[in-house]
2 protein chains.
Amino acid sequence: MTVLPGISDIHAAAARLSGLVVETPIIESPELNKRYGGRILFKPETLQRTGSFKIRGAYNKLSTLSEEERSRGVVAFSSGNHAQGVAASAAMFGVRAVIAMPVDAPALKVGNVRKMGAEVVPFDRFKDDRMTVVRPYIEKGMALVPPFDDPAIIAGQGTIGLELMRQAKALGVSLDAVVVPCGGGGLSSGISVAVKDASPHTQVWAVEPEHFDDTRRSLAKGERVSNEPGHSSICDALLTAEPGLITFEINRRNLAGAIAVSDKAAAQAMRDAMAHLKLVVEPGGCVALAALSSGEIYLAGKCVAVVLSGGNVDFGTYAEIMAAD
Amino acid sequence: MTVLPGISDIHAAAARLSGLVVETPIIESPELNKRYGGRILFKPETLQRTGSFKIRGAYNKLSTLSEEERSRGVVAFSSGNHAQGVAASAAMFGVRAVIAMPVDAPALKVGNVRKMGAEVVPFDRFKDDRMTVVRPYIEKGMALVPPFDDPAIIAGQGTIGLELMRQAKALGVSLDAVVVPCGGGGLSSGISVAVKDASPHTQVWAVEPEHFDDTRRSLAKGERVSNEPGHSSICDALLTAEPGLITFEINRRNLAGAIAVSDKAAAQAMRDAMAHLKLVVEPGGCVALAALSSGEIYLAGKCVAVVLSGGNVDFGTYAEIMAAD
């Protein structure tokens, strides 16, 4: 049985990451505060190294490998943001990285991974079993860096929760809720551990794309359920099949709930982030902002943190979404 | 004869602005550092209240008015960013604001000014004399808040220089140069006073749009010269006719030089800011980044700060520039 990562693991991760990752600032918009009738604190992990939060978990995972394990290199599968986090972390340690990426991953993400010196192995996300793609490398002794269902990954992402609580305190506010994008649940579970440790009354919400609301339905059922196949979404970073074992075990204890948002709502949130925050946010990175309009989170007079988890989006896609206003 | 604003005026402005404006963070990109062969520290005033630095000078100016003067309201002319800074400052003091804005100002900027409760008086920038437009309000006793050529405005913008020097020190680096967008010269002159006070060897560069390089040509001639009429540029925030009296007097003492960049270079810099910094920057706000590719500033092995002065751009314009990659 896996031991769940706790607050001490997150503190240890924060010590390892200190000075290597960006302590992303808090950004506010008077217009959005007015619209939602509360105080919304945005945590833009878009400004993080590699353009998403993923380097936090990846670097922490690589730190926990022995020097001997690490020297054999690392392997991962990812649609893009985790890939960039692993590639950057491997480059920081000077070890080899092999990343299996779906052929339909955004070109920007694939290009960035290659630029950081990692080898990209393309696979078809509808036909190929990604474990089959990475197995030969694991058999050669390379360590798998899982995208979310791993204590060191979860603890790394949880460092965002530590920063948030410290930053809220410095602003003299108490957070009523923290709203977090959710694919496999690594980000939401990690953040929930840090937030609940410091402030048990603060709600933590996970937000998923419509048709990929496996965490929402799993929470409702009390056990892990998978998404129906055959759907698509612009939120490429959040298209996981089902919650992780560890992430779900944490999330079912800590989350206030999960919310599903449409692609249309995610696109509108991207335009709001552009106009009011001047931040480039990718579709999956913007779902927590989109969820504020769902009516499911009580906002009036409250102070709510919203994690903008990534900003890696192609020019063409972004231009199309901006022009759709 | 006007007394030039000095470092004590900037410190006084910083004290007035403290807690009311955002201390904008420093953002870095490993990719851009690599491209330019130096360390580039970006100061994104795009994340400032109202989406540009202009609130710093406007609020400082309103602070220096007597309560009686302020109570009669304020009037300004501006293509948009100064207008928003004045409108927000007037709202913070609870006084009336009237803003003369060109009919071709970006719709986003006009809309934002109205949302903040200011009255907008449209004028034709090619036909109307803007002083004629605002004179009736001045005659009613309302105070004019000039866009740049005013000691209190310059001192307010100079607070960016104080922050930059403090932030560079905290990072343990010494700045070799600071590169700043330039319209009338309020931002560059204010920043230059703060930078030169703390670090006389640090170069300060002003950057202007092609055909609007009045500061560059004025520096070359040793006296203020105007731009030739009949040109246009996408950099709507920087289309001033000539340098200010006070701003030029400071700039000719403090600047290392001024650089003119094309609209094409400004657009490319906007795409670079989107892809590598995840920041939405308006055309005029991005000219200092564009100037890094001009070859006029020595970058190899140097540490250079680049001010991104604003991010107020319409969806349509922005989408078009992003799609042009």
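Which residue in strand 5 of chain A does A:Val75 stand opposite? In this predicted model, A:Val75 stands opposite A:Leu144. The two residues belong to a parallel pairing, in which 2 bridges join strand 2 (residues 74–77) of chain A to strand 5 of chain A. This pairing forms part of an open sheet of 4 strands in chain A, arranged in the order 4-3-2-5 with parallel pairing. Strand 4 (119–123) and strand 5 (143–144) of chain A occupy the edges; each has a single partner strand, so one side of each lacks a neighbour in the sheet.

Edge strand 4 of chain A also takes part in an ionic contact. A salt bridge connects A:Arg96 and A:Glu119, with the closest N and O atoms 2.8 Å apart. Because A:Arg96 lies in the loop between helix 5 (81–93) and strand 3 (97–102) of chain A whereas A:Glu119 lies in strand 4 of chain A, the pair ties together parts that are 23 residues apart in sequence. A:Arg96 is partly exposed, at 37% relative accessibility, and A:Glu119 is likewise partly exposed, with a relative accessible area of 34%.

A further parallel pairing in chain A involves strand 1 (residues 39–44), where 5 of the 6 residues are buried. Strand 1 of chain A is joined by 6 bridges to strand 9 (residues 303–308) of chain A, and A:Leu41 has A:Ala305 as its bridge partner. In the loop between strand 1 and helix 3 (54–64) of chain A lies A:Thr50. A:Thr50 adopts a positive phi of about 75 degrees although it is not a glycine, and A:Thr50 is buried, with a relative accessible area of 15%.

The loop between strand 7 (203–209) and helix 10 (214–221) of chain A contains A:His211, another residue that is not a glycine but has a positive phi of about 75 degrees. At 37% relative accessibility, A:His211 is partly exposed. A:Asp213 is located in the loop between strand 7 and helix 10 of chain A and is buried, with a relative accessible area of 9%. When residues up to four places away in sequence are not counted, A:Asp213 touches A:Glu208, A:Asn227 and A:Ala260.

According to an unreviewed UniProt entry, residues 19–310 of chain A are covered by the annotation "domain: Tryptophan synthase beta chain-like PALP". Over residues 19–310, chain A is 43% helix and 16% strand, and the end C-alpha atoms are 20 Å apart.

In chain B, strand 7 (residues 203–209) and strand 8 run parallel and are joined by 5 bridges; B:Trp205 has B:Gly257 of strand 8 as its bridge partner. Strand 8 (residues 257–261) of chain B is mostly covered, with 4 of its 5 residues buried. The buried residues of helix 1 (residues 7–17) of chain B are B:Ile10, B:Ala13 and B:Leu17. They lie on the same side of helix 1 of chain B because they cover an arc of only 60 degrees around the axis. On the other side of helix 1 of chain B, B:Ser8 and B:Ala15 are exposed. The packing partners of the buried residues of helix 1 are helix 3 (54–64), helix 8 (151–170) and helix 9 (186–198) of chain B. Just after helix 1 of chain B, B:Gly19 has a positive phi of about 85 degrees.

Over all chains, the search finds 35 salt bridges. Within helix 11 (residues 245–254) of chain A, A:Glu249 and A:Arg252 are 3 residues apart, about one turn of the helix, and form a salt bridge whose closest N and O atoms are 3.0 Å apart. A:Glu249 is partly exposed, with a relative accessible area of 22%, as is A:Arg252, at 45% relative accessibility. In chain B, a salt bridge of 2.7 Å, N to O, is formed by the side chains of B:Lys109 and B:Glu282. This pair links distant parts of the chain, 173 residues apart: B:Lys109 in helix 6 (residues 107–115) of chain B, and B:Glu282 in the loop between helix 12 (263–277) and helix 13 (287–291) of chain B. Both B:Lys109 and B:Glu282 are buried.

The contact between the chains takes 24 residues from chain B and 25 residues from chain A. Together the chains bury about 2200 Å², 74% of it on carbon and sulfur atoms. On the chain B side, B:Met274, B:Lys278 and B:Phe315 lose the most area to chain A, together 35% of what that side buries. Across this interface, 0 salt bridges are found.

Definitions and conventions
Residues numbered from 1 in each chain as written. Chains lettered and ligands numbered in written order. Predicted model: local features only at pLDDT ≥ 70, side-chain atom pairs only at ≥ 80, totals over all residues. Heavy atoms only, no water. Buried < 20%, exposed > 50% of the residue type's maximum accessible area, 1.4 Å probe, protein only. Pairing = 2+ DSSP bridges. Arc of directions from axis to C-beta. Contact = heavy atoms within 4.5 Å. UniProt positions renumbered as here; feature names shortened; annotations may be inferred. Buried area = accessible area lost by both parts, 1.4 Å probe. Salt bridge = Lys/Arg side-chain N within 4 Å of Asp/Glu carboxyl O.
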